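User: Hi! I have a model open and would like to go through its packing and its backbone oddities with you. Could you take me through them one at a time?

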Amino acid sequence: MTTTTATAERNLVSEPQNRARSVEAIHRSTEFHWVGDGFHVSTYFPSENLPSERLSPFVLMDYGPAKNFEPLARGKRGVGWHPHRGFETVTLAWEGSVAHRDNAGHRGVIGPGDVQWMTAASGIFHEEYHEEQFTRQGGRMHMMQLWVNLPKKDKTAPPGYQPIVSAQIPQVQVQGGGAVRVIAGEYAGAKGPAHTFTPITMLDVNLNAGAHLPIALPANYNVLAVVAEGRVRTGATVANAGELILFNNDGTQIELAADEAAHVIVLSGAPIDEPIVQYGPFVMNTVDEIRQAMFDVNRGKFGPVPD
Ligand code: MN
């Protein structure tokens, strides 16, 4: 009978043992744009080629490969005050320095190796600029910003802010050369410092040429590996710098082999099974909630914007 078959299939899907995940898609982003005048990034997703339910809980990823900025004697580079509601912004810096300020009273600098995990939730205004000293001196900026969705019940939570400095992020050595920095979730017994609303494992991985790295992840997690630099292989699939690997949810681990030295960001988490409506700086469940967010911004419900 159909019912029996369906149950059997469900069991097979939910209990894969010691199995490496296969590749669902390789996605490349080729177009760059400026965010304000400070961040030259490529938006890997949202993308028409990647279904949003396969990326959940991640809704947006902007990656800015290392780019040199000339010294600027006067003025600043970046993005001025703008609102967000319904999700979290996660900013990773590898080179350069980003200064952040929001109207919930948080401010900080995201330097090389640091991660800022900001919860917009019910609504926030913030600004994101190159840090002042960095702007004057010039230098390379290398960063990523992720938008992490929140479940409906947490979209109304008060704004929050986790400044995570490099020294707080545990680093696990990889056999064969390299290291795994655990930003969120767990790898090899090391726990990342980020507090998340839904289960997320976020790893910043550097592999030497020849290194092979298995990473155990719950079978229900959606898993993406972004190859920032170098080249990795998983099974028979090769992914180069500028490509993102979307894994099928068909195993309990992913395997990365570095044909050459590689820098890979692993994004994974339990999917949030709710409708997503994204419009500009808002990520909600319905069009009505987007409309409400726009009304609320105009009515000053996101709080006053500092000078
Ligand atoms: Mn922003």
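Analyst: Gladly! One term first: helices (H or I, at least four residues) and strands (E, at least two) are DSSP runs, numbered from the N terminus. Please also keep in mind that this is a predicted model.

User: Thanks! In which loop is Ala121 found?

Analyst: Ala121 has a positive phi of about 40° although it is not a glycine. Its relative accessible area is 0%, so Ala121 is buried, the cut-off being under 20%. As for the place of Ala121, it is the loop between strand 9 (115-119) and strand 10.

User: Is Ala188 buried or exposed?

Analyst: Ala188 also has a positive phi, of about 50°, although it is not a glycine. It lies in the loop between strand 15 (186-187) and strand 16 (190-191). Exposed means over 50% relative accessible area. Ala188 has 63% relative accessibility, so it counts as exposed.

User: What is the omega of the peptide bond from Phe45 to Pro46?

Analyst: Pro46 lies in the loop between strand 3 (39-45) and helix 2 (52-55). The peptide bond from Phe45 to Pro46 is cis, and its omega is near 10°.

User: And where is Pro57?

Analyst: The peptide bond from Ser56 to Pro57 is cis, with omega near 15°. Pro57 has its place in the loop between helix 2 and strand 4.

User: Let's turn to the core. How many residues does the largest nonpolar core have?

Analyst: In soluble globular proteins, nonpolar side chains tend to be buried together. Here, the residues with the most contacts inside the largest nonpolar core are Phe45, Met61, Trp117, Met144, Met202, Leu244 and Leu267. Apart from it lies another core, of 28 residues, with Val182, Ala190, Ile215 and Ala239 among them. The size of the largest core is 29 residues.

User: Which arginine is in contact with Met202, leaving aside neighbours within four places in sequence?

Analyst: With those neighbours left aside, the contacts of Met202 include Phe58, Val90, Trp117, Leu146 and Leu267. Val182, Ile183 and Ala184 are in contact with Met202 as well. The arginine in contact with Met202 is Arg181.

User: Now the rings. How many residues apart in sequence are the parts that Trp34 and Phe69 tie together?

Analyst: The structure holds 6 aromatic pairs. Trp34 and Phe69 form one that is edge-to-face, at 6.1 Å centre to centre and 80° between the planes. Trp34 is partly exposed at 42% relative accessible area, whereas Phe69 is buried at 6%. Trp34 lies in strand 2 (residues 32-35) and Phe69 in strand 4 (residues 58-69), so the parts tied together are 35 residues apart in sequence.

User: What about Phe125 and Phe302: how far apart in sequence are the parts they tie together?

Analyst: Phe125 and Phe302 form an edge-to-face pair, 6.2 Å centre to centre with 75° between the planes. Phe125 is buried, with a relative accessible area of 10%, and Phe302 is buried too, at 5%. Phe125 lies in strand 10 (residues 124-130) and Phe302 in the segment after helix 4 (287-298), so the pair links parts separated in sequence by 177 residues.

User: Which tryptophan is linked into a cluster with Tyr44 and Tyr63?

Analyst: Ring pairs make the links in this cluster. Alongside Tyr44 and Tyr63, its tryptophan is Trp94.

User: Last one: how far is the charged end of Lys76 from the centre of the ring of Tyr129?

Analyst: A lysine charge counts as over a ring if NZ is within 6 Å of the ring centre and within 35 degrees of the ring normal. The charged end of Lys76 sits over the ring of Tyr129, and its distance from the ring centre is 4.3 Å.

Terms used:
Residues are numbered from 1 along each chain as its sequence is written. This is a predicted model: local features need pLDDT of at least 70, side-chain atom pairs count only at pLDDT 80 or more; totals for chains, interfaces and linings use all residues. Side-chain values use heavy atoms; hydrogens and water are left out. A nonpolar core is a set of buried Ala, Val, Leu, Ile, Met, Phe, Trp, Tyr and Cys residues joined through side-chain atoms within 4.5 Å. Buried means under 20% relative accessible area, exposed over 50%, partly exposed in between (1.4 Å probe, protein chains only). Contact means heavy atoms within 4.5 Å. Rings of Phe, Tyr and Trp (its six-membered ring) pair if their centres lie within 6.5 Å; planes under 30 degrees apart count as stacked, over 60 as edge-to-face and the rest as tilted.
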